[in-house]
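User: Please take me through the reasoning behind some of the labels used for this model, setting each value against its criterion.

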Amino acid sequence: MLILGLETSCDETSAALLRSEKGRLKILSNVVSSQVKIHRRYKGIVPEVAARLHLEKILPVIKEAIVEIKNLQKIDLIAVTFGPGLITSLLVGVEAAKTLSYLFKKPLIPINHLEGHIYANFINEQSIRFPAVCLVVSGGHTELVLMKDLSQYQKLGSTRDDAAGECFDKVAKLLNLGYPGGPAIEKTAQAFQRDSPFSLNLPRPMIGTHDFDFSFSGLKTAVLYKIKGMKIDKNFKEALAYETQEAIIDVLATKTARASREFKAKSIILSGGVAANERLRVMMKEKAEKSGKKLFVPPKNLCTDNAAMIAAAGYFRYHLLNKKQRLDLLNNWRKIKVDPNLML
Ligand SMILES: Nc1ncnc2c1ncn2[C@@H]1O[C@H](COP(=O)(O)OP(=O)(O)OP(=O)(O)O)[C@@H](O)[C@H]1O
Ligand SMILES: [Mg+2]
């Protein structure tokens, strides 16, 4: 089976082609056109600019993704992100997918972007066992989810204010480290020396509460108080970046580990843009192994937004449908509507 995935929910225009072979998914192409250099000028994403760039890039990106098969007729399924995300960005991918579905008479399946992040873990991987506890940690979301099997999700908790990625981005902005903030904080934190003149302590919000919710807006405010009236030199920046990263990761890893114990998870799944953070990957792995569980985390290029994860989610969703439901997918080009506020 050949699956074409399309993703335009935020500031990456992406198209991917996946092939399933005996139930195993293989990436044939995963083209991502990032707008990060343009939005960097504004220190954040400008929705109007993002949508215009998606419009410019969507066809060249699709063309590049299908170069191996040349002909879209060969595709068996089209999967597209229909939410959550920026409405004008989502519309570009959804309208492109509808057009291809109509023209080539191909089934079209709408995919929740967050589900896509989770399914990045199922590409080339067949050993994930259920129940699984998933941490989806990205620019707009921080969600702990219990996956009882491929189709059943139960939300355990989520952030009450800022997402973890948003906290990375906002602290990076306060420290003038550039955009996106996550990779910038990670790089600056790596330069932190143990014998630095600064040893800073930041709070670990909600680390001990008996729910599975998170809160990161206070952490950003705590950083704001630390820098008030201070000369922000290189050492101070490194210490603050290091401690911010430690605080965020400590909370994420501790709460995920607790959820995995409480719900007797057999696997722990990490996903979303923040999952590209090396320190988070190491800490989560350590905690998982300590409790005899296996951690699954995608390669770093599949953590941030990409269409391969959308195609993967489409493939698994398709296989949960009966014959009639599969036939109905041929009419989805008339029906699918974007949903910017979609939840898991
Ligand atoms: N190495 C890293 N360390 C920490 N954070 C990172 C790293 N790489 C990326 N991020 C963060 O990941 C976020 C981007 O992830 P992603 O592309 O999944 O978010 P999004 O698609 O904008 O949001 P959502 O998936 O919630 O709709 C940004 O906040 C970015 O700072
Ligand atoms: Mg994302």
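User: In this predicted model, which residue of strand 5 does Ala79 stand opposite, and what makes strand 4 and strand 5 a pair?

Analyst: Ala79 stands opposite Ile109 in strand 5. Two strands pair if DSSP finds at least two bridges between them; strand 4 and strand 5, which run parallel, are joined by five bridges, so the criterion is met.

User: Why are strand 3 and strand 5 said to stand at the edges?

Analyst: The open sheet of five strands has the order 3-2-1-4-5, with mixed pairing. Strand 3 and strand 5 each have a single partner strand, so one side of each is left without a neighbour in the sheet. From one strand to the next, the twist averages 20 degrees.

User: What makes helix 10 largely enclosed by the rest of the structure?

Analyst: A residue is buried if 20 or more other C-beta atoms lie within 10 Å of its own, and 10 of the 13 residues of helix 10 are buried, so the helix is largely enclosed. Among them are Met309, Ile310 and Tyr315, as well as Arg317. The cover over these buried residues includes helix 4 (113–119) and strand 1 (2–7).

User: How do you know that the span of helix 10 is close to the one expected?

Analyst: The expected span is 1.5 Å times one less than the number of residues, which for the 13 residues of helix 10 (307–319) gives 18 Å, and the helix reaches 19 Å from its first C-alpha to its last; the value is therefore close to the expected one.

Definitions and conventions. Residues are numbered from 1 along each chain as its sequence is written. Chains are lettered from A and ligands numbered from 1 in the order in which they are written. This is a predicted model: local features need pLDDT of at least 70, side-chain atom pairs count only at pLDDT 80 or more; totals for chains, interfaces and linings use all residues. Helices (H or I, at least four residues) and strands (E, at least two) are DSSP runs, numbered from the N terminus. A residue is buried if 20 or more other C-beta atoms lie within 10 Å of its own, exposed if 12 or fewer, and partly exposed in between; C-beta atoms are placed from the backbone. Two residues are in contact if their C-beta atoms, placed from the backbone, lie within 7 Å. Axes are lines fitted to C-alpha atoms, for helices over the stretch in contact, and angles run from 0 to 180 degrees between N-to-C directions.
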